[in-house]
Amino acid sequence: MSANSPVAAGDQPEEKSKPGFRIPKFLKVPFWAQILGGLVIGVLLGWLARSQDISWLVTTLDKVGSTFIGLLKLAVAPLVFFAILVSITNLRKVNNAARLASQTLVWFMITSLIAVVIGLAIGLITNPGAGTGLTPKDGAKPDDAGSWIDFLTGIIPTDVVTPFTDLNVLQIVFMAAVAGIAVLKIGDKAQPILDLSESVLALLQKALWWVIKLSPIGTIGLIGFAIADYGWDLISKYATFTADIYIGCALVMFGVYPLLLTFVAKVNPLQFFKGAWPAIQLAFVSRSSVGTMPVTQKVTERLGVPKEYTSFAVPFGATTKMDGCAAIYPAIAAIFVAQIFDVQMGIKEYLLIAFVSVVGSAATAGLTGATVMLTLTLSTLGLPMEGVGLLLAIDPVLDMMRTATNVAGQVATPLIVAARENILDRDKYAKATSSPLDGYDEPADERQPVPVAA
């Protein structure tokens with residue numbers, strides 16, 4: 001519109017045309033503060049419920065937390081399918097897409113290897129299984145144990161319905177990848193399918209965003225029930241193991257990633273945390289990389305990674321990039337189980353742990369918990385599967401930090417790749433703001449194909 005063009009009545013700013021009461025900006029509580037408030041209230045209510053033995057409060061906290069997780073999981077299956085399908089087709093908008101995809105996978109593996117080495121080092125230094133008072137009799141063999149045969153054969157579904165009803169994310173990813181490649185091969189004739197997929201994905205993300213806005217309430221239930229049900233006594237039994245997981249994740253999140261961002265991507269790591277923090281804190285609460293995916297994608301774009309590449313890297317990372325669940329945790333957990341069952345491990349076993357962590361991380365599939373990855377690791381090492389039962393009680397407390405680390409890596413890796421390939425918008429990175437909820441409904445920018453340096 002030119003400077004002297006008349007402004008039509010319908011072109012007036014939306015804020016002036018909306019009638020009714022509006023909350024002043026200074027009264028609006030930032031999303032991060034809402035999450036923090038939920039954490040504090042949840043801890044207090046959980047402590048009250050446990051100390052005063054208030055059964056109805058424990059039940060209420062459980063229902064609130066489980067309902068929130070249930071709402072997140074409700075969208076997981078279709079969200080993963082359409083996100084992967086659309087992300088693969090979006091690569092056609094990026095020059096040298098194969099190079100970007102391969103670089104993303106390489107950096108996923110590099111950071112996973114660093115994370116598992118840190119996990120092994122911490123486990124060997126601290127001996128997390130010593131002095132716990134736990135014995136092999138305290139363990140219980142899980143109903144389902146992961147193995148390499150199950151992992152490899154389980155990727156291919158036997159029908160198109162069961163993966164969605166059973167929430168088998170790996171099989172959903174497989175079908176989505178096949179569908180996405182088929183759409184690319186068919187070309188213009190498949191455009192209606194692609195248009196429909198993009199519309200459904202937008203609908204799912206919008207609905208999931210409404211669920212995400214309930215995170216402060218979900219936080220109260222999840223944290224409150226964890227305190228009320230498990231209490232500090234249980235945590236004290238696993239004090240060394242719990243501290244190991246949190247310290248290991250913290251070293252990766254606040255040490256490894258900032259160093260890579262500083263020396264490889266050559267960006268300010270403090271700005272990374274400012275931009276990525278909304279996704280990291282939501283991951284901590286929800287314990288689901290897939291449930292956090294819309295926020296992860298939003299903050300990654302705000303940090304200057306091109307939308308076309310982000311729409312591939314983030315869904316891919318949400319189902320395969322698990323430094324917390326698939327690297328640090330199984331490394332320390334394997335050492336813990338070996339010490340409880342008095343099994344000696346050597347260099348060969350430690351190398352196997354590293355191999356499983358780097359190659360088998362897709363087994364976690366972005367859902368809450370890392371039991372599949374743990375059983376896969378234990379079965380590879382020949383350790384007793386009853387060791388899984390030793391860790392199930394404490395798992396929700398550990399899963400919060402593990403998932404936060406996962407999501408931090410899912411943002412950091414695309415940043416590193418984008419910076420190395422000279423497609424990172426550094427000005428946008430420097431100006432990234434905090435809450436991804438603000439301005440989510442703004443229309444997406446129209447972008448030209450992203451150039452990639454030779």
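**Helix H3 and the H12–H19 contact**

On one side of helix H3, Ser 55, Trp 56, Lys 63 and Leu 74 are exposed (over 50% relative accessible area, with buried meaning under 20% and partly exposed in between; 1.4 Å probe, protein chains only). The other side holds the buried set: Leu 57, Val 58, Leu 61, Gly 65, Phe 68, Ile 69 and Leu 72. These cover an arc of only 110° around the axis, which puts them on the same side of H3; the arc is taken from the directions from the helix axis to the C-beta atoms.

This is a predicted model, so local features need pLDDT of at least 70 and side-chain atom pairs count only at pLDDT 80 or more, while totals for chains, interfaces and linings use all residues. Residues are numbered from 1 along each chain as its sequence is written, and side-chain values use heavy atoms, with hydrogens and water left out.

As for length, H3 has 20 residues (55-74) and should span 28 Å at 1.5 Å a residue, which agrees with the 28 Å between its end C-alpha atoms. The expected span is 1.5 Å times one less than the number of residues. Helices here are DSSP runs of H or I, at least four residues, numbered from the N terminus.

Further along, the axes of H12 (residues 269-286) and H19 (residues 395-420) come within 8 Å and cross at roughly 145° (lines fitted to C-alpha atoms over the stretch in contact, with angles from 0 to 180 degrees between N-to-C directions). By class, their contact has 14 nonpolar, one polar and no charged residues; Ala, Val, Leu, Ile, Met, Phe, Trp, Tyr, Cys and Pro count as nonpolar, Asp, Glu, Lys and Arg as charged, and the others, Gly among them, as polar.

Thr 403 lies in H19 and counts as buried at 2% relative accessibility. Leaving aside residues up to four places away in sequence, Thr 403 touches Ala 283, Arg 287, Ser 288 and Ser 289 (heavy atoms within 4.5 Å).

Terms used. Helix = DSSP H or I, 4+ residues; strand = E, 2+ residues; numbered from the N terminus.
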